Amino acid sequence: MPARENVPKISVVATTIEEWFTTNARDLPWRHQRTGYSALVSELMLQQTQVSRVIDKYTNFMARFPTAKALAKAPESEVLAAWQGLGYYRRARFLHAAAKVVVEQHAGVVPMERDALMALPGVGRYSAGSIASIVDGRREAIVDGNVSRVFQRLAAREGSVNEKANAAWAWVQAQRFVDASTNPAKANEGLMELGASICTPAAPKCESCPLAAQCLARKRGVVGAIPAAKPRAVKQELVLLSVRITRSDGAILLEQRAQSGLWGGLWQPPTVEVVEGAEFTPIAAAKRVAVTAKLTRASEVSCTLTHRSVRFMLYHGSIRGKGAALEVQGRRFVTREEIANYAMSNAVKRLLDLRLS
Ligand code: SF4
């Protein structure tokens, strides 16, 4: 008779993960000294960005804005410049706005009540649960893709993590898990760590997993099929016509994007959106972007974002003199020394770095 398969007991899962995390936690800068503010910063940075990229940026950001008060009073341009390399600049704006709320409504101390945390810009249920449990040991649940995947595999639950019923089920499991733990901070952080480093979407390291003996998906040999992949969305292509004008001293003409929408508030060479398939002579390109300069067509630059791909049709030109006539509608020439203070998307940085003949 085959051995009976039981869904793992949640208290066993919790204590196993706590013990595992005690000796397997990665050494990450935001774990060195934990405060509500440092957790808020690392949480927002880690949303949609890989740990390795956040490691590079976190320490400098904290050195530059060591407290909520320091961040709240900094100009937005400085915050965006310090965020460069992390992408998704909306999160930088949220963090800046959250710091202002913390200063104005909570005397500069990040609150630990879930509702108060969720009232901060950019803080959802997951981040609120993470901050409150890890910083203050509260029994708050956390669910993201990593956590859902671990729970679904442990219980061999089919379907994608995004299915409504599975998402609701995962929150119930996560609450049971943290309620059954002896140390909510360690349990929640360990759960996230296990999902990120061991129970990965592809090629999970089951042989090193502390839960291997309990995992139903492993026992049934269905790890690779759980959770089901979510259907791929068709990416829309955005085509941008960009003009790089360089002054004889090396300064480049830049403009700021609108505050809302893609790359909101970031800087770029004069750029307009054009329809797919449109072609421009250099004269037509200059007219379309409203610059007066002799242009040459350069190569195209493409980048892929989460929901769309972007293709830049790049033209370039150089001018003599100060170019004051081009500094209209907020456009300005920015020298090589000043450019680090202007936040830009990685795609635009590639445009500016492109060697042109
Ligand atoms: S045994 Fe494998 S599939 Fe199961 S929880 Fe561990 S890593 Fe994930």
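This is a short selection-by-selection tour of the model, from its domains to its ligand shell. Keep in mind that the model is predicted.

**Stop 1: the two domains**

Start by colouring residues 10-225 as domain 1 and residues 236-353 as domain 2, following the domain assignment. Their C-alpha centres are 37 Å apart. Now look at where they touch: eight residues of domain 1 contact ten residues of domain 2. Select helix H5, residues 76-83, which supplies four residues, the largest share of the domain 1 side. By type, that side of domain 1 has four nonpolar residues, three polar ones and one charged one.

**Stop 2: the largest nonpolar core**

Next, show Leu40, Val41, Trp83 and Val243 as sticks. Within the largest nonpolar core, which has 60 residues, these four touch the most other members. Add helix H2, residues 36-46, to the selection; with seven residues, H2 gives the most to this core. Which domains does the core draw on? At least three of its residues come from each of domain 1 and domain 2.

Zoom in on valine 243. Apart from neighbours within four places in sequence, valine 243 contacts Pro269, Pro270, Ala285, Ala286, Val289, Val291, Leu295 and Tyr315. In general, nonpolar side chains in soluble globular proteins tend to be buried together.

**Stop 3: a second core**

Then select Val143, Phe151, Val178 and Leu194. They are among the 25 residues of a second, separate core.

**Stop 4: a hairpin**

Move on to strand E5 (residues 296-304) and strand E6 (residues 308-319), an antiparallel pair joined by seven bridges. Three residues lie between E5 and E6, and the two strands form a hairpin. To check the register, pick threonine 296, which sits opposite histidine 316 of E6. As you follow either strand, recall that side chains in a regular strand alternate between the two faces of the sheet.

**Stop 5: around the ligand**

Finish by centring on the ligand. How many residues surround the ligand, and which come nearest? There are 14, and the nearest are Arg153, Cys199, Cys206, Cys209 and Cys215. Two elements give two or more residues to this shell: helix H9 (145-154) and helix H12 (216-220). Select H9 before H12, as H9 gives the most, with three residues. Colour the shell by residue type and you will find twelve nonpolar residues, two charged ones and no polar ones.

Note on methods:
Residues numbered from 1 in each chain as written. Predicted model: local features only at pLDDT ≥ 70, side-chain atom pairs only at ≥ 80, totals over all residues. Domains from an automatic or database assignment. Contact = placed C-beta atoms within 7 Å. Nonpolar A, V, L, I, M, F, W, Y, C, P; charged D, E, K, R; others polar. Pairing = 2+ DSSP bridges. Near = placed C-beta within 6 Å. Core = buried A, V, L, I, M, F, W, Y, C linked by C-beta atoms within 7 Å. Buried ≥ 20, exposed ≤ 12 C-beta atoms within 10 Å, placed from the backbone.
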